[in-house]
Amino acid sequence: MQVSRIALCAAAFGLITTGAQAEISDNTIKIGVMNDQSGLYTDLGGPGSVEAVRMAVEEIGGEIAGAKIEVLSADHQNKPDIGSSIARQWIDQEGVDVIVDVPNSGVALAVSKLTGENDVAFLNSGAATTRLTNEDCQPTTVHYTYDTYALAIGTGKAMVEEGGKSWFFITADYAFGHSLEQDTSNVVKENGGEVLGTVRHPLSSSDFSSYLLQAQGSGAQVIGLANAGGDTTNTIKQANEFGIVQSGQQLASLLIFLTDVDSLGLDVAQGLTLTTGFYWDRDEESREFAKRFAERMNGQQPTMVHAGVYSGMKHYLAALAEIGDDGGKAVVDQMKKMPINDFFAKDGVIREDGRMVHDMYLARVKAPGDSSGKWDYYEILRTIPGDQAFQPLSESRCPLVTQ
Amino acid sequence: MRRLSTNLGFGVLFLAFMLAGPYLGLYPVFLMKLLCFALFACAFNLMIGFVGLLSFGHAAFFGMAAYVTGHAMLVWALPPLLSILLGVLVGAALGLGFGLLAIRRQGIYFAMITLALAQMVYFFALQAPFTYGEDGIQGIPRGTLFGLLDLNETMNLYYLVLAIFAVGFLVIYRIVHSPFGEVLKAIRENEQRVISLGYDVNLFKLAAFTLSAGLTGLAGATKAIVFQAATLTDVHWQMSGEVILMTLLGGMGTIWGPVVGSAVIVTLQNYLAGFGSWVTVVTGAIFVVCVLTFRRGMVGELVHLLRPRPRVEPEPKPAERAGEAD
Amino acid sequence: MTELLGIPPQLLFGQLLLGLINGSFYAVLSLGLAVIFGMLNVINFAHGALYMTGAFVAWLLLSYLGIPYWAALVLAPLVVGLLGILLERTMLSRLYKLDHLYGLLLTFGLALIIEGLFRNAYGVSGQPYPIPSWLQGGFNLGFMFLPVYRGWVVLASIVICFGTWFLIERTRLGSYLRAAVENPQLVRAFGINVPLMMTLTYGGAVALAGFAGVLAAPIYQVNPLMGQQMIIVVFAIVVIGGLGSIMGSIVTGLGVGVIEGLAKTFYPEGSATVVFVLMAIVLLLRPHGLFGRTRT
C-alpha cells in the first residue's frame with residue numbers, strides 16, 4: 001500500500017517533479033497511441049498507426065540510454081470525453097510521455113489541452129484542424145502531417161483554377177468539418193469563386209441523400225466534401241447513385257485517404273483531385289518504407305497518417321536521445337531545433353506554433369485502365385512547396401508566436 | 001429506529017471508505033466519477049423507487065446541467081459553486097417542464113414521453129452554438145473554491161465532490177423519510193386511495209420529479225467540473241439507460257441500492273474499457289439477468305433475505321399497467 | 001425557375017420523395033412494434049437491433065456464402081424470426097404476468113447485447129452491401145433522379161405492410177390473434193394454443209424487422225449502429241399512431257417520413273426533432289394516439 005501511495009503522490013505532483021529534473025522519468029519512455037480503432041477513421045490510422053510506432057521503436061532498439069520504451073494503445077471512439085479521460089488516465093496513472101496520432105479534431109483539441117497542462121508531448125498526425133497550431137496551440141504539441149489549410153490550398157485552389165467557381169459544402173458538423181469548410185471558403189473567395197451554401201451532417205452519418213439533394217438544388221458547380229473517412233466514401237457513393245456527377249456537378253473530396261480510395265474502388269473514385277502529405281509510390285525512399293509497412297500490415301500500403309506517425313515518432317525519439325529528458329516541452333523544443341530529412345519530409349521544420357512544415361502533393365486518382373493493380377491509385381500532379389502549403393507564421397493566431 | 005441505525009452504520013462505513021480510498025491506491029478521478037454516478041442514480045431512484053414512475057429521459061437533466069455549468073465556468077468565469085448551482089437550477093427547470101407534459105401519464109407512456117422529450121433536448125444540444133456540437137465543451141476550468149482552495153489540486157477537488165455527494169444523498173434521504181416522502185410511497189402503492197384521501201397526486205408527483213431532476217443536475221454539474229468536459233454522451237439516451245441499469249441492479253426503492261449499483265457498473269466499465277464493445281455486451285447481459293432473476297436488485301434481495309416477513313411480498317411494482325391510466 | 005415559398009420545387013419534391021423512402025422503413029418497423037405491443041403487451045426495444053441483425057445476416061450470406069440479395073430477402077427474415085422465437089420462448093414469455101416495464105428493460109438489455117456483439121466483430125465503420133445489378137440505375141423524374149433501388153424499397157415496404165395488415169385484420173388466423181388478445185382464457189377454451197400464437201407473433205414481427213434490415217443494407221451500409229439510430233424515432237411513431245394500432249403505425253410511419261422531408265426543405269436544423277415535437281403534441285391532445293383505441 002505504501003508504494004502505491006507514493007506513486008499516487010508522485011502522480012499528483014507530477015507536474016513539479018517532471019518539470020524540475022532533466023532525466024527520463026521512472027526510467028521508461030511510454031508512448032500512448034490513441035486513435036479510432038473501430039469507427040469510420042479506423043483504416044486511415046487505427047492499428048496501422050500503432051504498428052508504425054512499433055516499427056520506429058524497434059528500429060532504435062527498443063530503448064534509449066537504458067530506458068525501456070513501451071507502447072500503449074487505445075480507441076477513443078471519436079468521442080472527446082472518452083479521449084480526454086483515456087489521456088488523463090495515461091498521464092496520471094501510466095506516466096505516459098508522449099501521445100501519438102489522435103485523428104478526429106474534436107478529440108485532438110481535448111488531448112492537446114491536457115498534454116499541455118501536464119508537460120506531456122503530443123504528436124498529432126491524424127487530425128486536421130488548424131486550431132491545433134492557432135488559438136489552441138500548446139508548447140508541447142506538434143502537428144505533423146497535414147491540416148485543413150494545406151488541404152484548402154491544394155485541392156480548393158486547384159479546382160477553382162480549373163473553373164469551379166461556385167461551391168456548395170457538405171460538412172461534418174464538428175471541429176474538423178468547420179475548420180476545413182472555413183479554410184476552403186477563404187481560398188475559394190480569394191481566388192474569385194463564391195460559396196452558395198452549406199449543409200452540415202452529424203459525424204458518421206449513413207444517409208447523405210437529402211444533403212446531396214440540397215447541394216444539387218443549389219446549382220453549384222462544385223460540391224465540396226468537408227468530411228473524412230467513411231463519411232466521405234458514403235457521400236461519394238451516394239452521389240454516384242443519384243447521378244450527381246453525371247448531371248454535371250463536380251465533387252471536391254477535400255480530404256481523402258489512400259484507404260478511402262481503396263474502399264470506393266477506382267470505378268467510382270477516378271478523376272478525384274486530392275491533396276496528400278505522402279504517397280507511397282512517389283520515390284525510392286517512400287517505396288522502401290511502404291514495403292516494410294505493408295509486410296507487417298497484410299499488404300496494406302501506408303496512408304499519409306501512418307507515414308506521418310512513423311516519421312514523427314523517429315524524430316521524437318531522436319530528439320529525446322539527444323537531450324536525455326522526457327519532459328514534454330523539453331523534447332518538443334529539441335524537435336523544433338532539428339530539421340527533418342527522411343522518406344516523408346525534405347528539410348521539414350517544426351515551427352514555434354507546432355506546425356511541421358513540409359512539401360504537400362496535389363494528386364489525381366487514376367482511371368481503372370491506368371492503374372497497374374491494387375494500391376496503384378494516385379498520379380502526382382505537382383508538388384506544393386511547404387512554405388506555400390501551410391499557413392504563414394505571420395497569420396498565426398498562436399500566442400506562442402512572437403511577432 | 002433499527003432502520004435509522006442501519007443506514008447510519010452504512011453511511012459511516014461508506015464515508016470512511018471514500019475518505020480513505022485515495023490513500024489505498026484508488027485513482028481519485030475514478031472515485032469522483034463513481035460519486036457523480038452514484039448521486040445520479042440516487043436522484044433517479046427517487047422517481048422509479050419511491051413514486052413508481054420510470055423516466056427514460058434523465059440524461060437530459062444530467063447533460064444539460066453539465067453544459068450549463070461548463071459554460072458558466074468557461075465563458076462567464078463564475079466560481080465553481082455558483083456554476084454548479086446554475087446547473088442544478090437548469091436541471092430542475094427542465095424537470096418541471098418535462099413533468100408538466102408527462103406527469104399525468106403512467107407506465108410505458110410516461111417512459112416513452114420522457115424519452116422523446118429527452119431526445120428533443122439531445123438534438124438541441126447537438127445544434128445549439130454554446131454546446132459546440134460533437135466537440136462538446138472542453139477544457140472547463142476547475143476554478144478555486146471560495147477563492148482559496150485550488151481545485152486543480154486533485155485531492156481538493158476530491159473532497160469537494162465527496163461533500164457534494166454527501167449533501168445530495170442526505171437531501172434524498174430526508175425527502176424519502178419526510179411526510180412528503182410517505183405520500184409518494186403511498187402513491188406508488190395505491191394511487192386511487194391517496195386521491196380519495198384528498199391529496200393532489202399530480203402535484204406531489206410533479207414536485208418529486210422536479211426534485212429528482214434538480215439532484216440529477218447536481219450530479220451532471222459536478223461531473224462537468226471533474227472531467228472538465230460536457231459532451232453529447234451526457235445527454236444521449238444511453239446515459240438514461242445506464243442510470244436505469246445502475247438503479248435496477250442495486251435495487252429500486254432502496255436507499256443504498258443505487259450507490260451499490262453505480263459502484264458495480266462504473267467499476268465494470270473501468271475494467272472493461274480496454275476490451276472494445278464488450279462493455280456494451282456485459283451491460284446488456286446484466287440487464288437481462290436482473291430482469292429475469294432478481295428484480296429487487298442486489299440491496300433489495302439482501303434486505304428481503306435478512307428480513308423475511310410473514311405476509312407475501314408483492315413483486316416490486318415500478319408503475320401501474322399502461323393503459324389503465326386516464 | 002418557379003419557386004414555392006422561396007424553395008425550388010425540385011428540392012421540395014425531391015425531399016418529399018426521400019422522406020417517403022425513409023417513411024417506408026419507419027412503417028415496416030413500427031408495424032412490427034405495434035403488432036408485438038398489441039399481442040404481447042411488450043415494448044420491444046430490441047426491434048432496432050433485430051433490424052440491424054437482418055442487414056448483417058444478408059451481408060454475411062453474401063460475403064461468406066455468395067448468396068444473392070433476393071435469396072437473402074427471404075433467408076434473413078427467417079433467421080431473425082427464429083432468433084426472435086428463441087428469445088421469446090426462453091426469456092420474454094416469463095415476463096407477461098409482470099409490469100410492462102420489465103419487458104421494455106429486458107429487450108433494452110437484449111438490444112445492447114446484440115449490438116455489442118456485432119460491434120466487437122465488425123467495428124462501427126459499416127460494411128458495404130452492393131445494390132443488386134438488376135436494381136441499379138435510375139429514372140429521371142424531371143424534378144429528381146430516382147435510383148431504381150429506392151423505388152423498389154418503397155414498393156416492397158408498402159406491399160409487406162398491407163399484407164400484414166390484411167393477415168391480421170381480414171383472415172381467420174388474424175381473428176384468432178385478436179381474440180386471444182381480448183380474452184386469452186376464452187380462446188384457450190376453444191382449443192387454441194395461445195402461448196404458441198404469441199411466440200409465432202413475436203417471431204413474425206421481428207422477421208419484418210429483419211426484412212427491413214435487408215432492404216436497408218444497400219442504402220445505408222451494414223452498420224451495428226443502424227438499429228440504434230432508428231429505434232427511438234420508431235418508438236415515437238408507434239406512440240403517435242397509437243400503441244397497438246396496426247393501420248395507425250403504417251400510416252404514421254409513412255407520414256412522419258414525409259413530414260421529415262418537409263422539415264429538411266424548410267427548416268433542416270429541426271428535421272431530427274420534428275417527430276418528437278409531433279409526439280408531444282399528439283399525446284397532449286389525444287393521449288391514446290391518432291389511431292389508438294381506448295382499451296378497457
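This report describes the chains, two interfaces, two helix packings and two individual residues of a predicted model.

**Chains A and B**

Chain A contains 15 helices and 15 strands, while the secondary structure of chain B amounts to 13 helices and four strands. The table sets out the overall values for these two chains.

| Chain | Residues and buried share | Extent along the principal axes | Contacts joining residues 24 or more apart, among those with a separation of 6 or more |
|---|---|---|---|
| Chain A | 403 residues, 61% buried | about 70 × 40 × 40 Å | 72% |
| Chain B | 326 residues, 54% buried | roughly 55 × 45 × 40 Å | 77% |

For chain A, the radius of gyration is 21 Å, which agrees with the value near 22 Å for a compact globule of 403 residues. Chain B has a radius of gyration of 19 Å; the globule rule gives 20 Å for 326 residues, so chain B is as compact as a globular protein of that length.

**Interfaces made by chain C**

Chain C touches chain B through 36 residues, which are in contact with 40 residues of chain B. On the chain B side, the elements that give two or more residues are helix H5 (107-127), helix H10 (237-250) and helix H12 (278-293). H5(B) provides the largest share of that side, with 12 residues. Sorted by class, the side of chain B that touches chain C holds 24 nonpolar, 10 polar and six charged residues.

Chain C also touches chain A: 22 residues of chain C are in contact with 17 residues of chain A. At least two residues of the chain C side are supplied by each of helix H1 (9-40), strand E2 (145-147) and helix H8 (194-220) of chain C. The largest share, five residues, belongs to H1(C). In terms of class, the side of chain C that touches chain A has 11 nonpolar, nine polar and two charged residues.

**Surroundings of A:Gly106 and the packing of H5(A)**

A:Gly106 is located in helix H5 of chain A, which covers residues 105-117. This glycine has 27 C-beta neighbours inside 10 Å and therefore counts as buried, the cut-off being 20 or more. Leaving aside residues up to four places away in sequence, A:Gly106 touches A:Pro80, A:Tyr174 and A:Ala175 in its own chain, as well as B:Glu134 and B:Asp135. Of these, A:Pro80 is 26 residues away from A:Gly106 along the chain, with 6.0 Å between the two C-alpha atoms.

The helix that holds A:Gly106 also packs against helix H7 (residues 175-190) of chain A, at an angle of about 105° and with the axes 6 Å apart. H5(A) is therefore roughly perpendicular to H7(A), because angles of 65 to 115 degrees fall in that class. From H5(A), the residues A:Ser105, A:Gly106 and A:Leu109 meet A:Ala175, A:Phe176 and A:Ser179 of H7(A). This contact comprises three nonpolar, three polar and no charged residues.

**Packing of H9(C) and H10(C)**

In chain C, helix H9 (residues 226-241) packs with helix H10 (residues 246-266) at an angle of about 125°, and their axes are 8 Å apart. H9(C) is therefore oblique to H10(C), since this angle lies outside the parallel, antiparallel and perpendicular classes, the last of which runs from 65 to 115 degrees and the antiparallel one over 145. The crossing of H9(C) past H10(C) is right-handed. H9(C) contributes C:Ile237, C:Val238, C:Ile240 and C:Gly241 to the contact, and H10(C) contributes C:Gly248, C:Ser249, C:Val251, C:Thr252, C:Gly253 and C:Val256. By class, five of the contact residues are nonpolar, five are polar and none is charged.

**Position of C:Ile219**

C:Ile219 belongs to helix H8 of chain C, one of the elements that supply at least two residues to the side of chain C touching chain A. C:Ile219 has 22 C-beta neighbours inside 10 Å and so counts as buried. C:Trp165 is 54 residues from C:Ile219 in sequence, and their C-alpha atoms are 26 Å apart in space.

Key
Residues are numbered from 1 along each chain as its sequence is written. Chains are lettered from A and ligands numbered from 1 in the order in which they are written. This is a predicted model: local features need pLDDT of at least 70, side-chain atom pairs count only at pLDDT 80 or more; totals for chains, interfaces and linings use all residues. Axes are lines fitted to C-alpha atoms, for helices over the stretch in contact, and angles run from 0 to 180 degrees between N-to-C directions. Angles under 35 degrees count as roughly parallel, over 145 as roughly antiparallel, 65 to 115 as roughly perpendicular and the rest as oblique. A crossing is left-handed if the near helix is turned anticlockwise from the far one by less than a right angle, and right-handed if clockwise. Two residues are in contact if their C-beta atoms, placed from the backbone, lie within 7 Å. Ala, Val, Leu, Ile, Met, Phe, Trp, Tyr, Cys and Pro count as nonpolar, Asp, Glu, Lys and Arg as charged, and the others, Gly among them, as polar. The radius of gyration is taken over C-alpha atoms; the globule rule is 2.2 Å times the number of residues to the power 0.38. A residue is buried if 20 or more other C-beta atoms lie within 10 Å of its own, exposed if 12 or fewer, and partly exposed in between; C-beta atoms are placed from the backbone.
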